Amino acid sequence: MECRVLSIQSHVVRGYVGNKSATFPLQVLGFEVDSINSVQFSNHTGYAHWKGQVLTADELNVLYEGIMLNKVNRYDYILTGYSRDTSFLKTVVDIIQELKKANPGLVYVCDPVMGDQGAMYVPEYLLPVYRDKVVPLADILTPNQFEAELLTGRKITTEEDAVEVMDLLHKMGPETVVLTSTDLPSKCGDQFLVALGSQKIVKPDGTKTNQKICMDIPKVDAVFVGTGDLFAAMLLAWTHHHPKDLKAACEKTVSVMHHVIKRTITYANEMAGPGKRPSPAQLELRMVQSKADIENPAIVVEAKVLHESSQ
């Protein structure tokens, strides 16, 4: 059976962010991807200049209506990323609810893009929409530490806090939660970033288990755009292939990221020349060049299981 994803994210003509970051890797891994572009920009907004158009909630509805009229509105997955408009986000919620009615087995992967490092880069009035309407529909959620804190109203300063916050997010709806990056100190030293994950599983005999994992990810000294979108897409793909093994899914996801980022920074430094910082154009993800790593990533980051509990 083919597996079909509806991805509602931004689109750029040049480079990799949003749908451009998610579509190719998902296709390489055998998924059919239908894209709705929430914006169409010349390039990402980290460049000196950018131009483009923004899709309105009404235009989103028109596109969805066309899909529905042709009775091709059956999806296995929905993937959403950056949105900065309340009415657009509420329309996305309506569409997800309809698609879940059409296929009760549909899995919604949500990257609740709201901010990072203590600062919001979407309007604050989007938070209650995410918290009260979007997250309860999500099956897989990929916030960073700041977004997880916003959604739960709880600060994370220790690993125990992180575990509690993931449990609070489970209570809001999602079965799988991955904190994609945190400020927690890594046992491997300050050149590593800590990510954590938690998955609730119902076994065939009806017993429930919860697996919690932790990963130390090597840091790279550069600002990349589109990596969060790639992470969510790869987590979708690898949880599909390892539905009851978050450890394996996260190891493959993070290893893909590592290979793509390493290839990108090597290329960018070569292009920039000795002693010069690479430009946003030089730092665009080397996605096509990483096809083999996306399909079959050599595992470079191992996840350790914090605990597995039966409930």
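**Reading the fold of a predicted model**

Visitor: Which strands does helix α3 (residues 86–102) lie across, and what is its angle to β1?

Guide: In this predicted model, helix α3 lies across β1, β2, β4 and β5 (107–110). Helix α3 runs at about 170 degrees to β1. The angle between N-to-C directions can range from 0 to 180 degrees, so about 170 degrees places the two directions almost opposite.

Visitor: Which strands does helix α1 lie across?

Guide: Helix α1 (residues 19–28) lies across β1 (3–12), β2 (31–41) and β4 (77–80), and runs at about 150 degrees to β1.

Visitor: How many of the residues of β1 are buried?

Guide: Nine would be the word for it: 9 of the 10 residues of β1 are buried, and the strand is mostly covered. Each of these 9 residues therefore has under 20% relative accessible area. For the chain, 53% of the 311 residues count as buried.

Visitor: What makes β1 and β2 a pair?

Guide: Pairing requires at least two bridges, and 9 bridges join β1 to β2, so the criterion is met. The two strands run parallel. Within this pair, C3 has F31 of β2 as its bridge partner.

Visitor: What makes β8 and β9 a pair?

Guide: Strands β8 (residues 140–141) and β9 (residues 176–182) pair in the parallel sense over 2 bridges. Since at least two bridges are required, 2 bridges satisfy the rule and the strands are therefore counted as paired. I140 stands opposite T176 in β9.

Visitor: Why are β3 and β12 called edge strands?

Guide: The open sheet holds 10 strands in the order β3-β2-β1-β4-β5-β8-β9-β10-β11-β12, with mixed pairing. Strands β3 (52–54) and β12 (304–310) each pair on one side only, and they are the edge strands. In general, strands of a sheet pair through backbone hydrogen bonds, either parallel or antiparallel.

Visitor: How does the radius of gyration of the chain stand against that of a compact globule?

Guide: For 311 residues, the expectation for a compact globule is a radius of gyration near 19 Å; the chain has 19 Å, and therefore agrees. Its C-alpha atoms fill a box of roughly 55 × 45 × 40 Å along the principal axes. Among contacts with a separation of 6 or more, 70% are made by residues 24 or more positions apart.

Visitor: Where does UniProt place the domain feature?

Guide: According to an unreviewed UniProt entry, the feature "domain: Pyridoxamine kinase/Phosphomethylpyrimidine kinase" lies at residues 88–268. Over residues 88–268 the chain is 46% helix and 22% strand.

Note on methods:
Residues are numbered from 1 along each chain as its sequence is written. This is a predicted model: local features need pLDDT of at least 70, side-chain atom pairs count only at pLDDT 80 or more; totals for chains, interfaces and linings use all residues. Side-chain values use heavy atoms; hydrogens and water are left out. Helices (H or I, at least four residues) and strands (E, at least two) are DSSP runs, numbered from the N terminus. Contact means heavy atoms within 4.5 Å. The radius of gyration is taken over C-alpha atoms; the globule rule is 2.2 Å times the number of residues to the power 0.38. Buried means under 20% relative accessible area, exposed over 50%, partly exposed in between (1.4 Å probe, protein chains only). UniProt positions are given in the numbering used here, feature names are shortened, and annotations may be inferred rather than shown by experiment.
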